[in-house]
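User: Could you take a close look at one loop in this protein for me? I'd like to know where it sits and what its surroundings look like, and then how that fits with the rest of the chain.

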Amino acid sequence: MFGEDEALPSLTATFVVRNLEGGGTGNFTVQVHPEWAPEGATRFAQLLRAKFYDGCRFFRVIKGFVAQFGIHGDPLVSARWNQREIRDDTVVAKNTRGRMTFAAAGPGTRTSQVFVSCADNSHLDRDGFAPFAEVIDGMDVVDRIYSGYGDSAPNGRGPSQMTLQAQGNRYLDSAFPHLSYVQTV
């Protein structure tokens, strides 16, 4: 993993996504920008090295807003990463379409959940959501991530994040079988 004094190299990551709307598989590639959000970029690199995102479902997909993922399918793995919050980054880049950002429940709460902006979400900048990467290829695939469940419960018909944390993919497979998921990164 990258230490605090170790410079993060420039990196790209290609996500292979299965169960897209209309069927099939597709890829999207992100370019990480450590200069935008060094804490977020470092955590993302750590998660990639751990293969954390392999098998993760896109559990909160709101057309014209975001496609969110990053709760591991194994509750024990999720619990370990949930205890490892990272410091907030200053917002340098805007949350425009295609930018990837860590989700947060307030200051100092970023762990493993990320989202891709599916529209211009610059209004999130003032709330401290600091993009750390951008989709450089395959935004059409992001647009095909299954959105039929919408927002997470209780605001929408989608999965409860608390239940997902506790039960993992077993919960999603039985109750939300249409969710798109990351096969591998």
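Analyst:
**A look at the loop around Asp125**

Asp125 lies in the loop between strand E6 (114-117) and strand E7 (131-137). Keep in mind that this is a predicted model.

So, is Asp125 buried or exposed? Asp125 is buried: its relative accessible area is 14%, and buried here means under 20%. Which residues does Asp125 touch, once those up to four places away in sequence are set aside? The list is Val91, Ala93, Lys94 and Asn95.

For another buried spot, this one in a strand, go to Gly26. Gly26 has its place in strand E2, which covers residues 25-32. With a relative accessible area of 10%, Gly26 counts as buried, because the limit for that label is under 20%. If you leave aside the neighbours within four places in sequence, Gly26 is in contact with Phe15, Val16, Val17, Leu20 and Val141. There's also a long jump in sequence to point out: Gly26 and Val182 are 156 residues apart along the chain, yet 9.8 Å apart in space, C-alpha to C-alpha.

Now for a helix residue. Ala175 belongs to helix H5, residues 169-175. Ala175 is partly exposed, as its relative accessible area of 38% falls between the 20% and 50% cut-offs. From Ala175 to Gly158 you go 17 residues in sequence and 9.5 Å in space, again C-alpha to C-alpha.

Stepping back to the whole chain, you've got 5 helices and 10 strands. The radius of gyration is 15 Å, close to the 16 Å that the globule rule gives for 185 residues, so the chain is as compact as a globular protein of that length. Along the principal axes, the C-alpha atoms fill a box of roughly 45 × 35 × 30 Å.

Burial and contacts can be put in chain-wide terms too. Of the 185 residues, 52% count as buried, and Asp125 and Gly26 both carry that label. Take the contacts with a separation of 6 or more: 68% of them come from residues 24 or more positions apart.

As for the outside, the accessible surface comes to about 8,400 Å², and carbon and sulfur atoms hold 49% of it. On charge, the chain has 18 positive and 20 negative side chains, with the centres of the two sets 5 Å apart.

Back at your loop, then: Asp125 is a buried residue between strands E6 and E7, with Val91, Ala93, Lys94 and Asn95 as its contacts beyond four places in sequence.

Note on methods. Residues are numbered from 1 along each chain as its sequence is written. This is a predicted model: local features need pLDDT of at least 70, side-chain atom pairs count only at pLDDT 80 or more; totals for chains, interfaces and linings use all residues. Side-chain values use heavy atoms; hydrogens and water are left out. Helices (H or I, at least four residues) and strands (E, at least two) are DSSP runs, numbered from the N terminus. Buried means under 20% relative accessible area, exposed over 50%, partly exposed in between (1.4 Å probe, protein chains only). Contact means heavy atoms within 4.5 Å. The radius of gyration is taken over C-alpha atoms; the globule rule is 2.2 Å times the number of residues to the power 0.38. Accessible areas come from the Shrake-Rupley method with a 1.4 Å probe; for residues, only the protein chains shown count as cover. Lys and Arg count as positive and Asp and Glu as negative; His and the chain ends are not counted. The place of a charge is taken as NZ of Lys, CZ of Arg, CG of Asp or CD of Glu.
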